[in-house]
Amino acid sequence: MSAAHGSRLQAMIARLAAQRAHLDDAAARIAAVPGPVLEIGLGKGRTYDHLRRRLPDRRILVFDGSLHAPADLHPPAADLVLGDFRDTLPAAAGSLARAALIHADIGSDDRAADRRLASAIAPWLADLLAPAGLLLSDRPMPSPALVPADAPATAWPYYRYRLG
């Protein structure tokens with residue numbers, strides 16, 4: 001949390017507003033891009049719910065370590081992949097169509113662990129991304145295959161990439 005955002009409540013509002021702005025903008029930008037949407041990190045299901053409402057005709061595949069979202073926010077069993085991202089993403093890379101949109105919400109309170117995880121999965125996310133697709137993330141994704149993409153200005157840092 002940044003001191004510039006004030007209280008934890010203010011920081012949460014800024015983070016969620018940034019997520020919504022990026023997701024809404026990306027949903028419009030990928031309208032003509034074929035492929036599924038990948039939600040990396042279901043968590044409580046808030047962004048998954050937002051994506052399924054914004055993109056009702058898209059298949060949304062969800063990856064997470066465990067399922068702990070409310071039951072009404074569970075994806076269909078065929079669209080849920082549980083396990084460590086470092087195992088499940090490489091396994092999926094050969095069997096999935098390249099994604100029009102990937103949303104990676106992997107952040108925790110442990111920034112060092114987040115950097116290690118992002119470094120481990122960024123190459124796999126690049127492999128899963130369609131040529132005209134977008135990758136959104138709450139953490140920087142270091143990969144030579146990814147370049148920053150135009151994004152809405154928000155009060156909270158959010159990262160957007162395309163293939164370079």
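This is a short talk on how the helices and strands of one protein model fit together.

Hi everyone. Before we start, keep in mind that this is a predicted model. I'll begin with the sheet, then move to the helices, the cores and finally some charged pairs.

So, how are the strands of the sheet ordered? There are 7 of them in an open sheet, and the order reads β3-β2-β1-β4-β5-β7-β6, with mixed pairing. At the edges you find β3 (80-82) and β6 (146-148). Each of those has a single partner strand, so one side of each has no neighbour in the sheet. If you look from strand to strand, neighbours are turned by 20° against each other on average, ignoring direction.

Let's walk through a few of those pairings. β2 and β3 run parallel and are joined by 3 bridges. One residue pair to find on your screen is Asp64 with its bridge partner Leu82 in β3. On to β1, which pairs with β2, also in the parallel sense, over 4 bridges. There, Ile40 has Phe63 in β2 as its bridge partner.

Stay on β1 for a second, since you can see both faces of a strand there. Val37 and Glu39 point one way, while Leu38 and Ile40 point the other way. Are these four buried or exposed? All are buried.

Now the helices. Helix α1 covers residues 8-29, which is 22 residues. Here's a nice check you can do yourselves: at 1.5 Å a residue, α1 should span 32 Å, and its end C-alpha atoms are 31 Å apart, so the two agree.

Which residues of α1 are buried? They are Ala11, Ala14, Ala18, Gln19, His22, Leu23, Ala26 and Ala27. You'll notice some spacing in that list, and there's a general idea to go with it. An α-helix has 3.6 residues a turn, so residues three or four places apart point the same way. As for what they sit against, the buried residues of α1 pack against α2 (46-54), β4 (99-104), β5 (129-137) and β7 (159-163).

Helix α2 has its own buried set: Thr47, Tyr48, Asp49 and Leu51. Those buried residues pack against α1, β1, β2 and β4.

Two more helices to place. α3 packs on the sheet and touches β1, β2 and β3, with its direction at about 150° to that of β2. α4 lies across β1, β4, β5, β6 and β7, and runs at about 140° to β5.

Okay, cores. In soluble globular proteins, nonpolar side chains tend to be buried together. Here, the largest nonpolar core has 24 residues, and the ones touching the most other members are Ile40, Ile102, Ile106, Leu125, Leu135 and Met141. Several elements give it two or more residues, including β1, β2, α3 and α4. Which element gives the largest share? That's α4, with 7 residues.

Zoom in on Ile106. Leaving out residues up to four places away in sequence, Ile106 touches Ile40, Phe85, Asp114, Leu117, Ala118, Ile121, Asp138, Arg139 and Met141. There's also a second, separate core of 22 residues, and among its members are Val37, Tyr48, Leu55 and Leu73.

Last topic: charges. Side chains of opposite charge can pair when their charged atoms come close. How many salt bridges does the structure hold? It holds 8.

Take Arg54 and Asp24, whose side chains meet at 3.1 Å, N to O. Arg54 is in helix α2 and Asp24 is in helix α1, so this pair ties together parts that are 30 residues apart in sequence. Arg54 is partly exposed, at a relative accessible area of 38%, and Asp24 is partly exposed too, at 24%.

Compare that with Arg29 and Asp25, where the closest N and O atoms of the salt bridge are 2.7 Å apart. These two are 4 residues apart in helix α1, which means about one helical turn separates them. Arg29 is partly exposed at 47%, and Asp25 is partly exposed at 23%.

One more pair: Arg86 and Asp84 form a salt bridge at 3.0 Å, N to O. Arg86 is partly exposed, with 44% relative accessible area, and Asp84 is partly exposed with 32%. And some salt bridges share partners, which joins Asp25, Arg29 and Arg160 into one network.

That's my tour, thanks for listening.

Note on methods
Residues are numbered from 1 along each chain as its sequence is written. This is a predicted model: local features need pLDDT of at least 70, side-chain atom pairs count only at pLDDT 80 or more; totals for chains, interfaces and linings use all residues. Side-chain values use heavy atoms; hydrogens and water are left out. The expected span of a helix is 1.5 Å times one less than its number of residues. Buried means under 20% relative accessible area, exposed over 50%, partly exposed in between (1.4 Å probe, protein chains only). Contact means heavy atoms within 4.5 Å. A nonpolar core is a set of buried Ala, Val, Leu, Ile, Met, Phe, Trp, Tyr and Cys residues joined through side-chain atoms within 4.5 Å. Two strands pair if DSSP finds at least two bridges between them. Axes are lines fitted to C-alpha atoms, for helices over the stretch in contact, and angles run from 0 to 180 degrees between N-to-C directions. A salt bridge is a side-chain nitrogen of Lys or Arg within 4 Å of a carboxyl oxygen of Asp or Glu.
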